[in-house]
Structures are given as C-alpha cells and as structure tokens.
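Welcome! Please take a moment to look over the sequence and the 3D view before reading on.

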Amino acid sequence: GADNEWIGDKPVEIVTKQQWEQITNAEKLVQLCERCLEDLGSSKRGKKMLEKYFGGQDKLFSFFLGQAMENSNGLAHPIKLRTAMEKTLDKRKTQHNTSKDN
C-alpha cells in the first residue's frame, strides 16, 4: 500500500520526487520574488502596501518576504530569498520613482 511507496528509495530520490528541494538558485529566487510582487500589485491592498514601502515604510519588507516564502511552500533558502527580494524591490522602486517623475 501507500506505506511501502518509498521503501528502497534513497532519501535524495524521495526529496526529488516530492519536490522538497530547497530553492537556492538566485535567478529562480528573483523570479519567485517578481511573481510575488506582481501578484501583490494586482490587488488594491497589495498596491497600497507597495506604495507605502516605496514611500519609506521599510518594515513592510518582512511582509513581502513572508509572501514570497509562502509562495515557495517554505522551500526558498531564507537568506538567499532575502537578497533576491531586496534586489527585486530595489529594481521596482527605481522603476516606480522613474515613472512617478515623468
């Protein structure tokens, strides 16, 4: 039955089959962050939070980080995810400020 499903499999095979590998690839983490912020930006509440963050409310960073971690089902490497989110938000902040000035 289901109890015997993994007997004989190496732990690494089980992790791979279940897609439990930690996400450490910087490019994948940036894509995850971009998707997360796009999803947030498509809602009224999310847009407001991004506006507040770009306006200087840095405490919201933890919220964005939490959303991205949730979107990865907890599989994103926390430190590398933080770096990816910082890069992604900085890029968006620059775009936001540029479009605001024009």
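What follows is a short tour, going from the overall fold to single residues.

## The overall picture

A word before we start: this is a predicted model. The chain has five helices and zero strands, and from the N terminus on its elements read α-α-α-α-α. If you turn the view around, helices are what you can follow from one element to the next.

Of the 102 residues in the chain, 27% count as buried. The accessible surface comes to about 7300 Å², and carbon and sulfur atoms account for 49% of that surface. Contacts also reach along the chain: taking those between residues at least 6 apart in sequence, 62% join residues at least 24 apart.

## The nonpolar core

Let us now look inside. The largest nonpolar core has 20 residues. Those with the most contacts inside this core are Leu37, Tyr53, Phe64, Leu81, Met85 and Leu89. Four elements give two or more residues to the core: helix 2 (26-41), helix 3 (44-54), helix 4 (61-71) and helix 5 (78-101). Helix 2 provides the largest share, with six residues.

## Leu81, a core residue to find

Leu81 is a good place to pause, and you can find this residue in helix 5. Is Leu81 buried or exposed? Its relative accessible area is 0%, and the cut-off for buried is under 20%, so Leu81 counts as buried.

Which residues does Leu81 touch, once those up to four places away in sequence are not counted? They are Leu29, Leu32, Cys33, Leu65, Ala68, Met69 and Ala76. One of these partners, Ala68, is 13 residues from Leu81 in sequence, and the two are 8.0 Å apart in space, C-alpha to C-alpha.

## A group of aromatic rings

The structure holds three aromatic pairs. In one of them, the ring centres of Tyr53 and Phe64 are 5.6 Å apart and the planes meet at 85°; because an angle over 60 degrees counts as edge-to-face, this pair gets that label. The pair links distant parts of the chain, with Tyr53 in helix 3 and Phe64 in helix 4, 11 residues apart. Both Tyr53 and Phe64 are buried. Phe63 and Phe64 form an edge-to-face pair too, at 5.7 Å centre to centre and with 65° between the planes.

Phe63 and Phe64 sit side by side in the numbering, so how do they compare in exposure? Phe64 is buried, with a relative accessible area of 0%, whereas Phe63 counts as partly exposed, at 22% relative accessibility. Stepping back, ring pairs link Tyr53, Phe54, Phe63 and Phe64 into a cluster. Tyr53 has a further partner to look for: Lys93 lies over the face of its ring, at 5.9 Å from the ring centre.

## A buried serine in a loop

One last stop takes us out of the helices. Where is Ser72? Ser72 lies in the loop between helix 4 and helix 5. Although it belongs to a loop, Ser72 counts as buried, because its relative accessibility is 5%. Leaving aside neighbours within four places in sequence, Ser72 is in contact with Ile23 and Leu32. Leu32 is also among the residues that Leu81 touches.

Key. Residues numbered from 1 in each chain as written. Predicted model: local features only at pLDDT ≥ 70, side-chain atom pairs only at ≥ 80, totals over all residues. Heavy atoms only, no water. Buried < 20%, exposed > 50% of the residue type's maximum accessible area, 1.4 Å probe, protein only. Contact = heavy atoms within 4.5 Å. Areas by Shrake-Rupley, 256 points an atom, 1.4 Å probe, with all protein chains shown as cover. Core = buried A, V, L, I, M, F, W, Y, C linked by side-chain atoms within 4.5 Å. Phe/Tyr/Trp six-rings, centres within 6.5 Å; stacked < 30°, edge-to-face > 60°. Lys NZ or Arg CZ within 6 Å of the ring centre and 35° of its normal.
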